[in-house]
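Here is a short report on internal space, one helix and its aromatic neighbours. Load the model and follow along.

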Amino acid sequence: MPAIRVDASRCSGCRYCEMWCSYKHEGVFSSSLSRVTVVRDVRIGLDYPVICRFCEPAPCMEACPTGSIRRNDIGAIVIFEETCSSCGNCINSCPYGAIRMHKTKGVPIVCDLCGGEPECVKRCPMNALTFQRFEVRALEITDPAYIYALREFAEQAGRWGLDVE
C-alpha cells in the first residue's frame with residue numbers, strides 16, 4: 001500500500017506542499033484548494049502537513065451514501081464528483097481532517113497521490129515528505145512487558161463485557 005510519510009522534525013512550515021498540490025490539481029497556487037494542509041501548533045512550535053493516510057478500512061468510504069469514494073489501482077482514495085451528493089459525511093468521518101470541501105465546486109477533495117508521483121513530495125525543500133510503498137503485516141510482539149500489558153488490557157476489557165483477542 002502506498003502512503004506519504006511525514007517527518008515533522010524536518011517540516012519548516014513553508015507550505016510549498018500546499019501550493020504545488022493546488023497547482024497540480026487546480027492550476028492555481030491556493031492553500032484552500034490543496035489536498036495537503038499544513039497545521040501549526042504554536043504551543044510546541046511544530047508545523048505538520050496533514051495528508052490522507054488511506055486508512056484500511058477507510059471511514060470516508062464507509063460514510064459515503066452514494067458510493068462516490070473508491071480506491072484507484074494504486075490504493076489512493078478517489079472521489080467521483082459526478083455521483084457525489086456533497087453531503088460532507090466523508091469530511092466528518094475522517095479522523096485526521098484530511099478531506100475538505102472544494103470552495104467553488106462544492107465537492108470534497110482529498111489526496112489522490114497524483115497518480116503515483118505526489119507533487120508535494122517532489123517539491124518539499126526540506127525532504128519532510130517521502131512516498132513509500134509498504135506491506136501491512138501482522139504485528140509480531142516479543143517484548144514480555146508489552147505482552148503482559150496486552151493481557152491485562154484484555155482481562156480488564158473482559159470485565160467491562162468486551163471481547164478482545
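A cavity is defined on a 1 Å grid over the protein atoms alone: it is a set of points where a 1.4 Å probe fits but cannot get out, and its lining residues have an atom within 4 Å of a point. Grid points are joined across faces, edges and corners, and a volume is the space filled by probe spheres set on the points. Rolling a probe the size of a water molecule over the atoms shows where empty space is left.

This is a predicted model, in which local features need pLDDT of at least 70 and side-chain atom pairs count only at pLDDT 80 or more, while totals for chains, interfaces and linings use all residues. Residues are numbered from 1 along each chain as its sequence is written, and side-chain values use heavy atoms, with hydrogens and water left out.

**Cavities**

The search of the whole structure gives four cavities of 30 Å³ or more. For the linings, Ala, Val, Leu, Ile, Met, Phe, Trp, Tyr, Cys and Pro count as nonpolar; Asp, Glu, Lys and Arg are charged; the others, Gly among them, are polar.

| Cavity | Volume | Lining residues | Nearest the centre |
|---|---|---|---|
| Largest | about 90 Å³ | 14 residues | Cys52, Phe54, Cys55, Cys60 and Cys94 |
| Second largest | about 70 Å³ | 15 residues | Cys11, Ser12, Cys14, Cys17 and Cys124 |

The lining of the largest cavity holds 13 nonpolar residues, no polar ones and one charged. That of the second largest has eleven nonpolar, two polar and two charged residues.

**Overall layout**

The chain has five helices and eight strands; helices (H or I, at least four residues) and strands (E, at least two) are DSSP runs, numbered from the N terminus. Their order along the sequence is β-α-β-β-α-β-β-α-β-β-α-β-α. The C-alpha atoms fill a box of roughly 55 × 40 × 35 Å along the principal axes. Of the 165 residues, 34% are buried. Buried means under 20% relative accessible area, exposed over 50%, and partly exposed in between (1.4 Å probe, protein chains only). A contact means heavy atoms within 4.5 Å. Among contacts between residues at least 6 apart in sequence, 53% join residues at least 24 apart.

**Helix α1**

Which residues of α1 are buried? In this helix, residues 16-26, they are Cys17, Glu18, Cys21 and Ser22. Seen down the axis, these buried residues fall within an arc of 125°, so they line one face of the helix. The arc is that of the directions from the helix axis to the C-beta atoms. Their packing partners are β2 (37-41), β3 (46-50), α4 (119-123) and β8 (129-133). Gly27 follows α1 and has a positive phi, near 80°.

**Aromatic cluster**

Trp20 also lies in α1. Its relative accessible area is 22%, so Trp20 is partly exposed. Leaving out residues up to four places away in sequence, Trp20 touches Phe29, Glu119 and Arg123. The C-alpha atoms of Trp20 and Val121 are separated by 9.6 Å, although the two residues are 101 residues apart along the chain.

Rings of Phe, Tyr and Trp (its six-membered ring) pair if their centres lie within 6.5 Å; planes under 30 degrees apart count as stacked, over 60 as edge-to-face and the rest as tilted. The whole structure has three aromatic pairs. Trp20 and Phe29 form an edge-to-face pair, 5.3 Å centre to centre with 90° between the planes. The ring centres of Tyr23 and Phe29 are 4.6 Å apart and the planes lie at 10°, so this pair is stacked. Phe29 is partly exposed at 48% relative accessibility, and Tyr23 is partly exposed at 41%. Trp20, Tyr23 and Phe29 form one aromatic cluster.

Definitions and conventions:
On a 1 Å grid over the protein atoms alone, a cavity is a set of points where a 1.4 Å probe fits but cannot get out, and a pocket is an open set with protein on both sides within 12 Å along at least five of seven lines; lining residues have an atom within 4 Å of a point.
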